Amino acid sequence: MVTLYLQRKDSPMSQCCILAIDTSCDDTSAAVTSGRVILSNVVASQTQLHKQFGGVFPTVAKQAHHEHIDAVVRAALRRANLEIKDIAAIAVTQGPGLAPALEIGIEKAKQLALELHLPLIPINHVESHALSALALPQTKIAQAHQLPQLPALAIVVSGGHTEFILIKKIGEYERLGFTVDDAAGEALDKFGRMIDLGYPAGPIIEQFARKGNPHAYTFPLPMTTSGNANLSFSGLKTAARSLTEKITTDHPLSKQEIYDLCASFQYSVFRAITYKLNKFLLNQKSTPAKNQIFAIWLGGGVASNMALRTAIRKTIRPYNLRLLTPYTKRLCIDNAAMIGVTAGFYFQQKKYLTSEADIQNVQRIPRWKVDQN
Ligand code: KG4
Ligand code: ZN
């Protein structure tokens, strides 16, 4: 059971508030959370900075994190109406992510924990995307005691990761499948670059796809014979490149062709995911009842896409499963609130670092897999 932590400054329970930091990629973020409840979630986005490169440039990201981290932490406390003395623990993304970027958040978190004599909770970024659907707004504080039934299947679909994760318990995971090349968001962004949609292309593709025909162009369905839940998106990208090159030898892409390409490419990326999801659910039918999942938890930047949510809902309907999604799109893209919510579970179990030596020893783990401890 999850303890309900209150957010009021004058309450003794405010001792349970966590200040969380995420600098895993191109967003500098800090948040204050209390159990599953989000008190503040501040994100300084670097999207404009990286637009010129068409993707994230690690050293540029590091410099921007360095410039923004203090202001972002201050803003997170201010918006939560708390002071640093009200904080009970510091949480930080230890990995996976871009090594130079991770370093800034970890250094800040270590500094705060040591100066203020607070416990430090290092968190896996993919785990927190997987749990992001559990986050609650302050208006839903009454629900904070109820934890959805487990096991559950988390689908994390972001710019850096596309994974199926079996959640047996919080902290006990099995990585059932993952992309062997590009992540789904990365594939969408690369496709967007091919047809000059700007960066990040995912949200623009979603918008354009609404005006297009998803069956106008056919892309291959990858990994159908792999016998596992792994995914691959690089073949789709290559097919899209040949197709657009073929069309543009004849004439520049018309608006409708762009809409149709977006709809067809997006449809194919999501079909690859729902195909593997359906395979998994079919197999579930023959597993013992105690191992059967209760719900699907969706997280990651691409999880804000309504067409993906609809496709997943359609896939799981015959299995009588529920789809849990983050309550706001701000919790899909990278943010520190999901780090704080994840840390809340570990805080409750007293799984944190307190000694100076242990805190000093925390180092970034850029390729940290969610099922490795
Ligand atoms: O979770 P996130 O902020 O960063 C990673 O951890 O990777 O995800 C960023 C990714 C980008 O690839 C972006 O294009 C994609 O999420 N994205 C979307 C949408 N919003 C963001 N993809 C499709 N539809 C969207 N609405
Ligand atoms: Zn992420």
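Visitor: Is D182 buried or exposed?

Guide: In this predicted model, D182 counts as buried, at 7% relative accessibility. D182 sits in the loop between β8 (172-178) and α5.

Visitor: Which side chain does the D182 side chain contact?

Guide: The side chain of D182 makes a polar contact with the side chain of K190, at 3.2 Å.

Visitor: Let us turn to the metal. What coordinates the zinc ion (ligand 2)?

Guide: H125 and H129 each coordinate the zinc ion (ligand 2) through NE2, and D334 does so through OD, at 2.0 to 2.1 Å.

Visitor: And what is the geometry of the zinc ion site?

Guide: The site is tetrahedral, with angles of 93 to 130 degrees among the four donor atoms. For reference, the ideal angle for four tetrahedral donors at a metal is 109.5 degrees.

Visitor: What spacing do the donors of the zinc ion follow along the chain?

Guide: The donors of the zinc ion (ligand 2) follow the spacing H-x3-H-x204-D. H129 belongs to helix α4 (residues 125-131), whereas D334 lies in the loop between β10 (322-324) and α10 (337-348), so this pair ties together parts that are 205 residues apart in sequence.

Visitor: H129, then: buried or exposed?

Guide: H129 is buried, with a relative accessible area of 1%. D334 also counts as buried, at 13% relative accessibility.

Visitor: Now ligand 1. Which residues come nearest to ligand 1?

Guide: There are 20 residues around ligand 1, of which G159, G160, D189, E206 and D334 come nearest. D334 is thus named both here and among the residues that coordinate the zinc ion.

Visitor: Where do backbone atoms come into it?

Guide: A backbone N or O atom of G160 lies 2.9 Å from an oxygen atom of ligand 1. A polar backbone atom of G301 is 3.0 Å from an oxygen atom of the ligand, and for G185 the corresponding distance is 3.2 Å.

Visitor: How much of the accessible area of ligand 1 does the protein cover?

Guide: On its own, ligand 1 has 550 Å² of accessible area, and the protein covers 90% of this. The elements that give two or more residues to the shell around ligand 1 are α4, α5 (184-194) and α6 (202-209).

Visitor: Changing topic to the strands. Why is β6 described as largely enclosed?

Guide: Six of the six residues of β6 are buried, so β6 is largely enclosed by the rest of the structure. In a regular strand the side chains alternate between the two faces of the sheet. Both faces of β6 are covered: A152, A154 and V156 are buried on one side, and L153, I155 and V157 are buried on the other.

Visitor: What does β6 pair with?

Guide: β6 pairs in the antiparallel sense with strand β7 (residues 162-169), over six bridges. Four residues form the hairpin connection from β6 to β7, and I155 has F164 as its bridge partner in β7. β6 also runs parallel to strand β9 (residues 295-299), joined by four bridges, with W297 in β9 as the bridge partner of A154.

Visitor: And β3, how many of its residues are buried?

Guide: Seven of the nine residues of strand β3 (residues 37-45) are buried, so β3 is largely enclosed by the rest of the structure. Strand β2 (residues 27-34) runs antiparallel to β3, and eight bridges join the two. One of the pairings is between S29 and its bridge partner V43 in β3.

Visitor: What happens at G35 in that hairpin?

Guide: The hairpin of β2 and β3 has two residues between the strands, and G35 takes a positive phi near 60 degrees there.

Visitor: Which residues have a positive phi although they are not glycine?

Guide: N81 is one of them, with a positive phi of about 60 degrees. N81 is in the loop between α2 (58-79) and β4 (87-95) and is exposed, with a relative accessible area of 52%. H117 is another, with a positive phi of about 55 degrees. H117 is placed in the loop between α3 (99-116) and β5 (120-124) and is exposed, at a relative accessible area of 73%.

Visitor: Last item: where are the cis peptide bonds?

Guide: A cis peptide bond joins L150 and P151, with omega about 5 degrees; P151 is in the loop between α4 and β6 (152-157). The peptide bond from Y199 to P200 is also cis, with omega near -10 degrees, and P200 lies in the loop between α5 and α6.

Methods. Residues numbered from 1 in each chain as written. Chains lettered and ligands numbered in written order. Predicted model: local features only at pLDDT ≥ 70, side-chain atom pairs only at ≥ 80, totals over all residues. Heavy atoms only, no water. Donors = N, O, S within 2.8 Å, 3.2 Å for Na, K, Ca; no water. Tetrahedral: all angles 85-135°; square planar, octahedral: opposite > 155°, others 65-115°. Buried < 20%, exposed > 50% of the residue type's maximum accessible area, 1.4 Å probe, protein only. Pairing = 2+ DSSP bridges. Near = heavy atom within 4 Å. Polar contact = N/O pair within 3.5 Å; in protein donor to acceptor, adjacent residues only side chain to side chain. Areas by Shrake-Rupley, 256 points an atom, 1.4 Å probe, with all protein chains shown as cover.
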